[in-house]
Each structure stands twice: as C-alpha cells, then as structure tokens.
Amino acid sequence: MRIAMIGTGYVGLVSGACFADFGHQVTCVDKDADKIKALQRGEIPIFEPGLDELVAANVRARRLDFTTDLSSPVAEADAVFIAVGTPSRRGDGHADLTYVYAAAKEIARALTGFTVVVTKSTVPVGTGDEVERLIRETNPSADVEVASNPEFLREGAAIRDFKWPDRIVVGISDERGRKVLGDIYRPLSLNQAPVMYTARRTAELIKYAANAFLATKITFINEIADLAEKVGADVQEVARGIGLDNRIGSKFLHAGPGFGGSCFPKDTRALVKIAQDHDAQLRIVEAVLGVNDNRKRAMARKVASAAGGSLRGKTVAVLGLTFKPDTDDMREAPSIPLVTGLLDMGARVRAHDPVGMEQAKRELPDIEYCEDPYACAKGADVMVLVTEWVQYRAMDLERLKAAMAQPVVVDLRNVYRAEDMAAHGFIYESVGRPPQARG
Ligand code: NAD
C-alpha cells in the first residue's frame with residue numbers, strides 16, 4: 001500500500017515509520033521545512049525511544065521518505081492519513097480544527113484515483129463529515145472515502161503501542177475503504193490486534209471517551225490520595241487493593257501531581273465543549289478538569305509546607321520537567337504550573353530533566369538549568385521530584401543529602417520509600433502516604 005502521512009509530529013512520524021516497517025511505502029509530509037530537512041539529514045526532531053533506529057532502517061530500505069509538498073505523495077497514495085495537531089482553541093477550549101481543515105483542502109486538490117482519507121488526529125464528533133464536505137467541495141470529481149482511525153499510542157512507548165495495540169478502531173461505512181484499511185493493518189493481525197470497524201462518528205467519540213475515562217481514573221486516585229493523607233492511610237496500597245479487582249484494573253491509579261501532556265487536558269476540555277454543543281452535560285468530566293487544574297497549583301503549596309511554610313528566598317531543586325518520562329514533550333506538563341507557583345511564592349528554582357531542558361526553556365525561561373540531578377540539588381532548601389525518570393529512581397541518598405542545604409524532599413511520584421528517606425535523615429513528603437517521623 002502507498003501511504004501519505006500529513007503531519008510528521010509525535011503521531012505522524014511514529015505511525016509513518018511503523019507503517020513503513022510493516023512493508024508499506026510511506027511518505028511523511030510536514031509544513032515545517034526545518035523538521036523535514038532534519039529528517040532528510042537523518043535527525044529525529046523528537047525524543048521517542050527506538051524511533052531513530054526505526055526511521056533509519058526504513059529510510060535505508062527506501063520505504064520511508066519526507067517532504068514538505070503533499071501533491072505527489074497524495075496523488076500516488078491508496079490512503080492519506082491526517083495526523084496534524086488539534087490543540088485547544090485559545091479562549092474557549094474547543095479543539096482547534098484549523099490544521100485539519102487546511103490539510104483536507106490541500107489533500108483534496110491533489111487526489112487522483114480512489115483514495116481513502118483517514119483522520120488520525122483526535123477530532124470532535126462530526127469532523128469527518130466536515131472533512132468529507134470540504135474535499136467534495138474543493139474537488140467534486142475526487143473518488144474518495146473519508147474514515148476515522150483515532151490513535152491511542154502513548155509517548156515514551158509509542159512504537160510498542162503502535163505495533164502491539166490493544167485495539168485498532170476504524171470508523172468507515174464504505175466497503176472499498178474498509179478493504180484498504182484492512183490491508184494496511186493486516187500485518188498487525190500477527191500480533192493479534194483486534195480491529196474494530198464502526199461508524200465514523202462512533203470512532204471519533206471512542207477516542208475522546210477513552211482519554212476522558214483515563215483522566216478520570218487518575219483524578220479519582222488523586223482525590224483519594226488527598227483523603228488518605230488526612231486519615232493516615234496509604235494511597236498506594238488503596239490503589240493496589242482496588243486495582244486487583246478486574247473490574248477496576250491497576251493501571252492509571254498512580255497518585256501524583258495531576259495529569260498533563262499533549263492529550264488529556266486538551267481532549268477532556270474539548271469533550272466537555274462537544275457535549276455542551278449537543279446539550280448533553282458531562283458533569284463528571286467537568287469535575288475532573290476542575291479538580292486537576294486546582295491540584296497542579298496546590299502542589300506548589302505542598303512544597304512550601306514541606307519547607308516550613310514559606311519559600312521566600314529559598315532554593316527549590318526540581319527534578320523532571322517533561323509531562324512524563326521518556327519523552328521531551330512539555331505540552332501542559334504539571335511542572336509548568338508547579339514551577340510558576342514556586343516562583344510566585346518567592347523561591348529560586350533550579351531544575352534538571354534528562355531530555356526536556358531545551359523544550360522547557362521556552363516555557364520556563366526564568367529558572368536555572370543544571371547538568372545533573374546532584375548539581376541541581378546543590379545548596380537547595382527543598383527538592384521536588386516531579387517526573388519519575390528512571391535516572392531519579394535510585395539516587396545516592398547520602399550524596400543528595402550532602403549536596404542540599406536542607407534535607408527536605410517532596411516526592412510527587414511516590415518513587416522513594418518513606419522509611420529509607422527517614423533513615424537517611426530526610427524530611428520527606430510524598431503523595432497520599434502517611435507522614436513519616438522526621439529523621
Ligand atoms: P504534533 O504537534 O507533534 O505534530 C503535528 C504536525 O503537523 C506538526 O509537525 C505540524 O507542523 C504539522 N502540520 C500542521 N498542519 C499541517 C499541514 N497542513 N500539512 C502538513 N503538516 C502539517 O502533534 P501530535 O502530538 O503528533 O498530535 C497529532 C494528533 O494526534 C493530535 O490530534 C493529537 O491529539 C493526536 N494524538 C496525539 C498523541 C500523542 O501522544 N502525542 C496520541 C494520540 C493521538
């Protein structure tokens with residue numbers, strides 16, 4: 001199959017490289033000329049484990065290439081995937097569909113022969129109808145079917161998720177289009193990946209419902225963590241105790257600083273807006289958004305309280321800035337409101353992240369960036385662990401304590417054991433676990 005992937009970001013590049021790896025002929029297209037030039041030179045513009053080898057192997061095999069001009073890849077394609085961004089629209093939280101609609105019109109002008117245009121971007125229910133209308137209006141003679149194929153990959157595990165997905169959802173009604181998508185995903189049948197065919201609008205809603213449910217699970221355990229702190233219970237054991245129930249499941253039950261990232265915040269906001277537009281209120285998802293927003297700022301107050309109440313003039317070392325480990329993505333990372341809150345309280349902030357510091361500098365220009373976690377901790381009055389990178393999971397506690405001005409650690413990911421921290425003489429706060437005797 002010949003595939004054109006429009007949008008070569010976290011989703012487009014991973015999907016394009018994986019499709020090429022299945023044996024399809026893929027061209028990844030992006031408007032960003034610098035990104036395409038870098039890819040043509042063999043440089044990967046994002047951090048995603050394993051992606052550099054996968055891209056290089058498929059470029060070498062001549063199954064994958066990159067361009068800024070969609071016309072010939074679209075003209076030759078059996079399927080054109082739209083994988084452009086759908087960020088929150090400034091001001092109202094609706095999904096901004098400008099990029100999707102612009103791509104649809106450009107694709108329409110280049111179509112020749114029967115082609116399936118597939119929306120992989122996360123888009124509100126009914127977007128497929130509008131994409132189809134725009135294509136037919138722009139190019140009335142196009143022989144085209146428009147499908148929805150939402151993507152469920154997670155950054156940091158994107159290749160694995162793409163190649164061994166829990167399910168593939170395809171929203172399409174037409175038989176010819178269904179056959180093309182069936183052929184594209186056939187290599188995954190070896191991995192026993194179930195393909196679910198459904199109506200286009202249903203596929204669009206599945207993606208938002210999945211993300212809203214996961215965001216709800218995280219927010220639920222975060223609120224239980226707050227209660228656990230008040231009543232002297234341990235949220236991790238509560239999570240284990242409920243997660244062992246198959247009806248609940250253990251995933252997404254890790255208490256922390258609140259969800260962030262490129263998808264959950266914008267997708268939950270967009271889902272609430274979709275529901276409002278259709279006179280259906282999603283009160284649970286609305287509550288999730290409110291609780292999560294309050295939580296991020298509350299984390300700064302938690303740090304202040306661990307440091308004795310005031311942060312004015314104090315130095316805070318922040319470990320981990322990206323919204324989760326194994327990505328360089330800073331979009332809506334919980335570290336941003338946390339650090340901003342610390343600065344507002346008069347703290348001096350120094351930070352370290354294994355791969356995200358260049359991206360972080362754009363969001364957080366007024367802090368000091370350090371080359372390793374111990375340099376970051378040097379002279380700090382309190383250290384906050386925000387993102388659970390593997391590099392921070394087994395730190396030398398003696399060395400850490402010796403570097404700090406005050407041995408105070410706030411562990412927002414519950415990476416360390418309170419007993420170990422106390423044994424090393426730290427004042428240690430975590431999330432939803434009983435306070436320890438001070439060391
Ligand atoms: P991204 O911002 O990393 O990439 C989007 C790319 O599209 C950019 O490189 C941009 O330059 C390019 N682009 C925009 N308009 C274009 C056009 N007309 N022609 C060619 N290129 C164009 O975004 P992303 O994180 O890859 O997300 C893409 C979509 O996938 C979003 O809808 C997102 O919600 C969804 N999604 C993302 C993830 C994730 O983990 N990032 C997971 C599942 C679904």
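Analyst: In what follows, Ala, Val, Leu, Ile, Met, Phe, Trp, Tyr, Cys and Pro count as nonpolar, Asp, Glu, Lys and Arg as charged, and the others, Gly among them, as polar. On that scheme, the shell around the ligand divides into 9 nonpolar, 8 polar and 9 charged residues. This is a predicted model, in which local features need pLDDT of at least 70 and side-chain atom pairs pLDDT 80 or more, while totals for chains, interfaces and linings use all residues. Residues are numbered from 1 along each chain as its sequence is written, and side-chain values use heavy atoms, without hydrogens and water.

User: Which residues come nearest to the ligand?

Analyst: Of the 26 residues around the ligand (a heavy atom within 4 Å), Asp 30, Lys 35, Thr 86, Glu 155 and Lys 266 come nearest.

User: What makes the pairing of Asp 30 with the ligand a polar contact?

Analyst: The term needs a pair of N or O atoms within 3.5 Å; a polar side-chain atom of Asp 30 lies 2.6 Å from a ligand oxygen, so the pair qualifies. A side-chain N or O atom of Lys 266 is likewise 2.6 Å from an oxygen atom of the ligand, and for a polar backbone atom of Thr 122 the distance is 2.9 Å.

User: Where does the ligand lie with respect to the domains, and how do you know?

Analyst: Domain 1 (2-198) and domain 2 (213-437), whose bounds come from an automatic or database assignment, both give residues to the shell, so the ligand lies between them. The C-alpha centres of domain 1 and domain 2 are 33 Å apart.

Conventions. Polar contact = N/O pair within 3.5 Å; in protein donor to acceptor, adjacent residues only side chain to side chain.
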